[in-house]
4 protein chains.
Amino acid sequence: MAVDQRLRPRKRPQQSRSHETRQRILDAAARIFAEHGYSAGTTNRIAAAAGMSIGSLYQYFPNKDAIIVELTRAHIADGTAQLHAVLAAGLPTGLTERLRVVVDATVAAHTGGHRLHQVLFEQAPRPAEVVDELRAAEDALVEVVAALLADDPAVAVDDPHLAARIVVTTVESLVHRFVTRDPADGDLAALTGELVRMLERYLAGT
Amino acid sequence: MAVDQRLRPRKRPQQSRSHETRQRILDAAARIFAEHGYSAGTTNRIAAAAGMSIGSLYQYFPNKDAIIVELTRAHIADGTAQLHAVLAAGLPTGLTERLRVVVDATVAAHTGGHRLHQVLFEQAPRPAEVVDELRAAEDALVEVVAALLADDPAVAVDDPHLAARIVVTTVESLVHRFVTRDPADGDLAALTGELVRMLERYLAGT
Amino acid sequence: MAVDQRLRPRKRPQQSRSHETRQRILDAAARIFAEHGYSAGTTNRIAAAAGMSIGSLYQYFPNKDAIIVELTRAHIADGTAQLHAVLAAGLPTGLTERLRVVVDATVAAHTGGHRLHQVLFEQAPRPAEVVDELRAAEDALVEVVAALLADDPAVAVDDPHLAARIVVTTVESLVHRFVTRDPADGDLAALTGELVRMLERYLAGT
Amino acid sequence: MAVDQRLRPRKRPQQSRSHETRQRILDAAARIFAEHGYSAGTTNRIAAAAGMSIGSLYQYFPNKDAIIVELTRAHIADGTAQLHAVLAAGLPTGLTERLRVVVDATVAAHTGGHRLHQVLFEQAPRPAEVVDELRAAEDALVEVVAALLADDPAVAVDDPHLAARIVVTTVESLVHRFVTRDPADGDLAALTGELVRMLERYLAGT
DNA sequence: CATGAATGAGGGTTCATTCAT
DNA sequence: AATGAATGAACCCTCATTCAT
């Protein structure tokens with residue numbers, strides 16, 4: 001799995017100034033992509049939004065896709081961090097409550113940024129590298145959830161690992177669907193409520 | 001709901017030859033889009049793949065998006081037809097068996113064409129018209145499933161309609177995920193098996 | 001204005017049939033060019049408006065510009081005929097009245113067809129051939145007017161030929177300007193009235 | 001009267017270099033349009049004639065018509081400036097002499113650039129914006145001439161405003177005609193001479 | 001003669017990327 | 001480092017014209 005040469009950052013953040021500039025570009029890119037979509041989110045527009053020249057932008061990122069990659073990485077990291085924060089904050093005791101918390105956290109992670117999420121995960125070309133990272137992040141999460149399920153006496157599943165994978169995937173997929181498909185707020189509540197119920201029954205077994 | 005003028009077909013198949021040519025273009029477009037993605041799937045490439053000049057292509061479709069729309073429509077029609085065929089063939093009696101059949105049909109509908117599916121449903125701009133059709137097709141399916149659930153004594157859900165929506169969405173989303181994530185065949189079997197189990201437990205209630 | 005079927009000969013001589021088809025094309029072209037302008041007046045549109053296939057059109061005219069040339073020729077012939085008709089109908093006796101009649105005839109020749117006139121004389125490329133014909137027609141007209149001026153005792157100009165050229169050109173140019181520049185009807189009357197007065201004073205001398 | 005968005009210049013001349021480049025494009029466009037006409041005056045040809053890439057051209061003008069607009073504006077400004085220079089230089093006292101000066105100035109304004117003038121005023125699509133400017137420029141000129149006529153004791157017209165409009169239009173139209181019709185120099189002199197005589201008699205009245 | 005599907009050069013325009021200043 | 005003018009391949013699409021049927 002050779003690292004794609006084209007995507008390697010040109011410059012290491014040797015100085016904090018440099019790091020700030022990178023961040024300014026990423027912030028601008030996030031705004032621009034969310035507003036214009038992938039193909040209309042031109043590098044010139046991003047540079048303008050970041051308040052710098054296009055030439056400067058290319059001193060921090062070798063090409064447009066490298067920006068996308070960074071943005072995606074940050075997005076993954078954010079999601080992971082948010083979930084880990086929730087887990088670290090201490091989960092409630094009941095299974096239902098736990099699921100509720102996780103689903104809500106996922107909804108929160110999507111809300112507000114789902115336009116960018118859409119660009120990142122639906123429109124932009126995603127290099128194998130990022131796909132791998134995404135998979136790794138998900139696998140890590142599955143691992144954590146599997147452990148939780150194994151420890152929970154209320155859970156009755158044969159293969160906690162498989163169950164964890166289904167749960168994680170289902171939450172992620174459905175929440176994305178629900179959030180993306182411009183539902184009324186009431187709808188979203190009803191759907192997430194039923195999602196929790198489905199998972200609960202599944203995990204609780206007969 | 002006026003039909004989007006930009007997307008109107010240019011030529012009615014006045015001759016059987018004409019109809020074949022349209023189909024040739026659509027087939028070529030499906031191949032090209034699956035291979036290159038939406039933006040790199042250029043009209044010139046499609047024309048070349050269809051073995052005709054770019055001018056000819058534009059005699060049959062007014063623009064690139066009209067091709068996408070047609071492809072999407074065909075895709076929806078295919079899926080719908082396949083599912084209705086399954087339902088018409090007579091469902092088995094047990095709940096588990098029924099779910100198994102539906103999930104398998106969905107997997108079959110995805111297999112082979114998931115690259116195209118990805119382009120159609122994730123990358124390409126989708127005009128409101130198609131979004132509406134897609135929603136209508138899904139709503140119709142939800143209706144059918146809701147009726148089935150309401151009639152089934154093994155099913156214990158409060159709101160069959162809501163349950164049907166969750167089931168349909170879950171099957172669709174997860175199967176797409178599973179198929180897209182190039183899993184080994186064994187994996188796919190395990191995942192769909194567990195998916196069936198989840199839905200079964202959900203619907204059977206405590 | 002359908003010709004009574006029973007009265008039409010069953011078979012026409014090829015020549016006249018061919019002639020009618022040509023005319024159908026020219027009529028259609030006049031409509032299309034007037035409505036769409038030169039470049040948007042495509043040969044396909046013209047063929048469609050003439051109720052025939054594009055292939056047939058090209059059996060009567062070798063290319064688009066040949067149609068333009070024919071149309072221009074017809075336009076010139078029409079204008080000439082109209083003016084000659086006016087002259088043949090017998091001019092009034094007074095100089096003012098005569099000028100009035102000529103100006104009105106020119107306005108009439110422009111009115112209604114000025115969109116086509118514009119296309120023919122402003123947008124379309126005009127081959128040298130047509131330019132020459134146009135000049136010849138104008139020269140002939142100048143000749144006629146010069147003779148009239150020479151015979152008219154009320155006219156006091158040194159060089160009737162030169163005066164005729166100025167008169168003809170002025171009438172033609174200004175009427176075209178007035179008609180083209182979307183004037184209110186009142187405006188047009190005032191302008192043509194003043195135009196007549198200018199010419200009258202010019203010709204009457206001190 | 002909102003400025004047509006499509007025609008807004010892309011770049012303000014932030015550097016003097018930039019201003020020169022704009023001018024280079026306009027000069028090249030003037031040459032190309034004069035030589036090839038509007039539709040055959042392609043942006044690529046213009047860029048090539050300006051010695052730059054097509055991309056550069058589009059950094060300075062958002063589209064082909066914006067170039068036409070700019071050229072037209074410059075043309076109008078030139079003509080206006082020339083005439084105002086003549087007026088400011090002090091008109092001669094006699095009516096004939098004054099007319100002579102104005103006609104000569106108009107001829108001078110046309111000479112050399114009449115091919116471009118033809119493209120600009122006959123072939124190219126003219127946005128409402130420019131039409132308005134053109135009309136405004138003409139109206140201003142009419143105003144000035146009307147004042148001159150009203151002040152001149154040798155002038156005997158009922159409505160100086162209307163007379164001024166006729167005079168201005170006539171000079172403009174006929175000079176354009178004369179210059180366009182590639183006459184020998186002698187011809188041009190004779191024609192403009194007679195034009196002056198016509199206007200003189202018209203204005204002097206009986 | 002009529003048809004209309006097929007052609008493909010060429011049009012205007014965009015945008016990621018480079019490089020001289 | 002920063003700038004932004006310059007680049008040009010590539011995109012989508014049009015339309016006059018041809019030619020097999």
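Modeller: Let's start with a term we will need throughout: two residues are in contact if their C-beta atoms, placed from the backbone, lie within 7 Å. Please keep in mind that this is a predicted model, in which local features need pLDDT of at least 70 and side-chain atom pairs count only at pLDDT 80 or more, while totals for chains, interfaces and linings use all residues. Residues are numbered from 1 along each chain as its sequence is written, and chains are lettered from A and ligands numbered from 1 in the order in which they are written.

Biologist: Thanks! What does the secondary structure of chain A come to?

Modeller: Helices (H or I, at least four residues) and strands (E, at least two) are DSSP runs, numbered from the N terminus. Chain A has nine helices and zero strands. Its C-alpha atoms occupy a box of roughly 60 × 40 × 30 Å along the principal axes.

Biologist: How many of the contacts in chain A join residues 24 or more positions apart?

Modeller: Among contacts in chain A with a separation of 6 or more, 66% are between residues at least 24 positions apart.

Biologist: And which domains does the assignment give for chain A?

Modeller: Domain bounds come from an automatic or database domain assignment. For chain A, that assignment gives domain 1 (12–61) and domain 2 (65–204). Their C-alpha centres are 28 Å apart. Where they meet, nine residues of domain 1 are in contact with ten of domain 2.

Biologist: What classes of residue are on the side of domain 1 of chain A that touches domain 2 of chain A?

Modeller: For classes, Ala, Val, Leu, Ile, Met, Phe, Trp, Tyr, Cys and Pro count as nonpolar, Asp, Glu, Lys and Arg as charged, and the others, Gly among them, as polar. That side of domain 1 of chain A has eight nonpolar, one polar and no charged residues.

Biologist: How should I read helix 4 of chain A, and what length does it reach?

Modeller: The expected span of a helix is 1.5 Å times one less than its number of residues. Helix 4 of chain A (residues 64–88) has 25 residues and reaches 36 Å from first C-alpha to last, close to the 36 Å expected. Just after helix 4, A:G90 takes a positive phi of about 95 degrees.

Biologist: Which residues of helix 4 of chain A are buried?

Modeller: A residue is buried if 20 or more other C-beta atoms lie within 10 Å of its own, exposed if 12 or fewer, and partly exposed in between, with C-beta atoms placed from the backbone. In helix 4 of chain A, the buried residues are A:I67, A:I68, A:V69, A:E70, A:L71, A:T72, A:G79 and A:L83. They pack against helix 1 (16–36), helix 5 (95–110), helix 6 (114–123) and helix 7 (128–151) of chain A. Across the 206 residues of chain A, 32% count as buried.

Biologist: On to the assembly. How many residues of chain D are in contact with chain C?

Modeller: Here 18 residues of chain D contact 19 residues of chain C. Helix 6 (114–123), helix 8 (160–180) and helix 9 (185–204) of chain D each supply at least two residues of that side of chain D. Helix 8 of chain D gives the most, with seven residues. The side of chain D divides into seven nonpolar, seven polar and four charged residues.

Biologist: What turn lays chain D on chain C?

Modeller: Copies are superposed by least squares on the C-alpha atoms of residues with pLDDT of at least 70 in both. Chain D can be laid on chain C with an RMSD of 0.6 Å by a turn of 177 degrees and a shift of 0.2 Å along the axis. The two copies are thus related as by a two-fold rotation axis. Of the interface residues of chain D, 94% are also interface residues in chain C, so the copies meet through the same surface.

Biologist: How far apart are the nearest C-alpha atoms of chain B and chain C?

Modeller: Chain B and chain C do not touch, and their nearest C-alpha atoms are 12 Å apart. No contact joins chain A and chain D, with their closest C-alpha atoms also 12 Å apart.

Biologist: Lastly, which residues come nearest to DNA strand E?

Modeller: A residue is near a molecule or strand if its C-beta atom, placed from the backbone, lies within 6 Å of it. Of the 37 residues around DNA strand E, A:T42, B:G55, C:G55, D:T42 and D:N63 come nearest. This surface has nine nonpolar, 25 polar and three charged residues. Around DNA strand F there are 36 residues, the closest being A:G55, B:T42, B:N63, C:N63 and D:G55. The surface near DNA strand F has nine nonpolar, 23 polar and four charged residues.
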